[in-house]
Amino acid sequence: MKRALKFTALMLLSTLAIGGQASAQEKLVVSTWGGSFRDLIDEAIAKKFTAETGVKVEYITGGTIDRLNQAKLAAAKPESDVTFTTAHVGWLYANDNLFEKLDMAKIPNASHLVEQAKISPYHIGAWAYVYTIGYLPDQLPKGVSFESWEGLWNPALKGMVSSPDFDPSHVMVVAAKLSGGDASNWEVGEAKMKALKPNYKAFYTNDANSQQLFATGETPVQVVLSMNAYYMQAQGVPIKLAIPKEGAVLGVDTMGITKGSTKAELAYKFINTALDPEVQAKIAELKKGSPVVDNAKVKPEIAALPGVFTTADQWAKQTLVIDAKLRAEKTGTWRKWFTENIMAP
């Protein structure tokens with residue numbers, strides 16, 4: 001009898017050990033950008049998630065469109081469980097049936113989402129930022145100011161301006177706005193955009209290229225991502241940001257659950273962790289991104305930075321919003337027009 005009991009106890013211990021090992025080996029795979037954005041997710045979100053669940057987080061990294069294309073190829077057997085992407089590219093995932101429809105009841109922290117972060121039934125905001133005018137004050141010609149986006153068109157800036165070649169939507173929608181239109185009838189801004197062409201010196205291809213153009217002074221005025229500008233400031237590049245009266249162009253990076261993931265419940269926990277108010281405050285501190293929940297307590301010195309929004313009034317009055325679904329539909333058209341009419345010699 002004693003031997004039988006001993007054998008049963010040993011079997012139970014063995015089973016528990018195997019179960020514990022399986023739990024320790026469980027992992028959640030997150031698709032995201034590399035570099036500082038991957039580090040941000042790891043430090044601010046994954047660390048807390050792993051501490052609470054015991055589940056490790058691994059990453060697939062790459063460019064926004066590269067990862068979308070890879071997700072299409074791997075649709076039958078998805079490589080990730082959670083995907084971070086921009087708001088408008090998230091619509092491309094959704095349209096290609098690459099995202100699960102979210103059950104918001106499983107994301108209780110989402111009850112505090114700001115309206116601008118409620119992107120679709122398939123993806124929601126993780127943090128926000130703006131594309132706005134960044135400049136080197138000591139290289140700015142006399143009389144140039146950026147109270148309005150019109151300042152970008154000042155003839156004194158001839159051959160001094162840069163903006164991204166991969167996404168012209170920011171300046172094209174601004175041009176439409178200054179011409180009495182918006183993203184839906186962007187064509188009204190075509191002449192305005194062509195008038196900006198003499199002021200361009202270069203078109204940056206990625207964040208590192210933007211930083212290089214600033215650091216060398218080749219383009220002392222840029223349409224720049226605010227989070228990257230603050231990163232450059234920390235690296236010693238003396239950039240200042242302006243928020244024009246028309247509003248800075250809002251950007252929201254989003255999270256979705258990859259269609260076909262076998263770790264959906266863990267994915268929900270991860271997304272809920274990302275929206276924890278303490279995590280959101282940490283994102284603001286580490287990367288100067290705006291929290292997308294209204295209950296995050298951000299340090300005063302961070303909240304005071306241009307492009308960091310912590311009040312409903314700031315969200316409403318300091319942002320120029322391009323509908324993410326419309327932007328997804330128009331991006332290809334805008335890039336083609338911009339390439340042919342502005343980037344071409």
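**Close-up 1. The buried residues of helix α4.** In this predicted model, Ala87, His88, Val89, Gly90, Trp91, Tyr93 and Ala94 of α4 are all buried. That makes seven of the nine residues of α4, so the helix is largely enclosed by the rest of the structure. What does the covering? The cover over the buried residues of α4 includes α3 (64–73), β3 (82–86), β9 (248–257) and α13. Once α4 is done, look for Asn97, which follows the helix and has a positive phi, near 60°.

**Close-up 2. Where α4 packs on α13.** Here we zoom in on α4 (residues 87–95) and α13 (residues 324–343), whose axes sit 8 Å apart at an angle of about 80°. The two helices are therefore roughly perpendicular to each other, since anything from 65 to 115 degrees counts as such. On the α4 side, the residues to find are Ala87, His88, Trp91 and Leu92. Their partners in α13 are Ala324, Lys325, Arg327, Ala328 and Thr331. Sorted by class, this contact of α4 with α13 has five nonpolar, two polar and two charged residues. Ala87, His88 and Trp91 are also on the list of buried α4 residues. A handy thing to remember while looking along any α-helix: there are 3.6 residues a turn, so residues three or four places apart point the same way.

**Close-up 3. α13 again, this time with α5.** Which residues of α13 does α5 meet? They are Arg327, Trp334, Trp337 and Phe338, and α5 brings Ser169, His170, Val171, Met172 and Val173 to the contact. The class split for α5 with α13 is six nonpolar, two polar and one charged. The axes of α5 (residues 169–178) and α13 come within 10 Å and cross at roughly 90°, so this pair is roughly perpendicular too. Keep an eye on Arg327 of α13: it meets α4, and it also meets α5.

**Close-up 4. The largest pocket and its lining.** About 1,100 Å³ of space lies in this pocket. Of the 46 residues that line it, Trp33, Thr64, Thr86, Tyr131 and Phe166 are the closest to its centre. Several elements give two or more residues to the lining: α2 (35–53), α3, α4, β4 (124–135), α7 (207–215), α8 (226–234), β9 and α13. Which element gives the most? That would be α13, with six residues. As for chemistry, the lining is made up of 21 nonpolar, 16 polar and nine charged residues. Familiar faces turn up here: α3, β9 and α13, which line the pocket, are also among the elements that cover the buried residues of α4.

**Close-up 5. Ala75 in its loop.** Ala75 is found in the loop between α3 and β3. Is Ala75 buried or partly exposed? Its relative accessible area is 41%, so it counts as partly exposed, a label that needs a value between 20% and 50%. From Ala75 to Ala248 is 36 Å in space, C-alpha to C-alpha, and 173 residues in sequence.

**Zoomed out. The whole chain, for orientation.** The protein chain has 13 helices and 10 strands, and its C-alpha atoms fill a box of roughly 95 × 40 × 35 Å along the principal axes. Buried residues make up 51% of its 345 residues. Of the contacts with a separation of 6 or more, 73% come from residues 24 or more positions apart.

Key:
Residues are numbered from 1 along each chain as its sequence is written. This is a predicted model: local features need pLDDT of at least 70, side-chain atom pairs count only at pLDDT 80 or more; totals for chains, interfaces and linings use all residues. Side-chain values use heavy atoms; hydrogens and water are left out. Axes are lines fitted to C-alpha atoms, for helices over the stretch in contact, and angles run from 0 to 180 degrees between N-to-C directions. Helices (H or I, at least four residues) and strands (E, at least two) are DSSP runs, numbered from the N terminus. Angles under 35 degrees count as roughly parallel, over 145 as roughly antiparallel, 65 to 115 as roughly perpendicular and the rest as oblique. Contact means heavy atoms within 4.5 Å. Ala, Val, Leu, Ile, Met, Phe, Trp, Tyr, Cys and Pro count as nonpolar, Asp, Glu, Lys and Arg as charged, and the others, Gly among them, as polar. Buried means under 20% relative accessible area, exposed over 50%, partly exposed in between (1.4 Å probe, protein chains only). On a 1 Å grid over the protein atoms alone, a cavity is a set of points where a 1.4 Å probe fits but cannot get out, and a pocket is an open set with protein on both sides within 12 Å along at least five of seven lines; lining residues have an atom within 4 Å of a point. Grid points are joined across faces, edges and corners, and a volume is the space filled by probe spheres set on the points.
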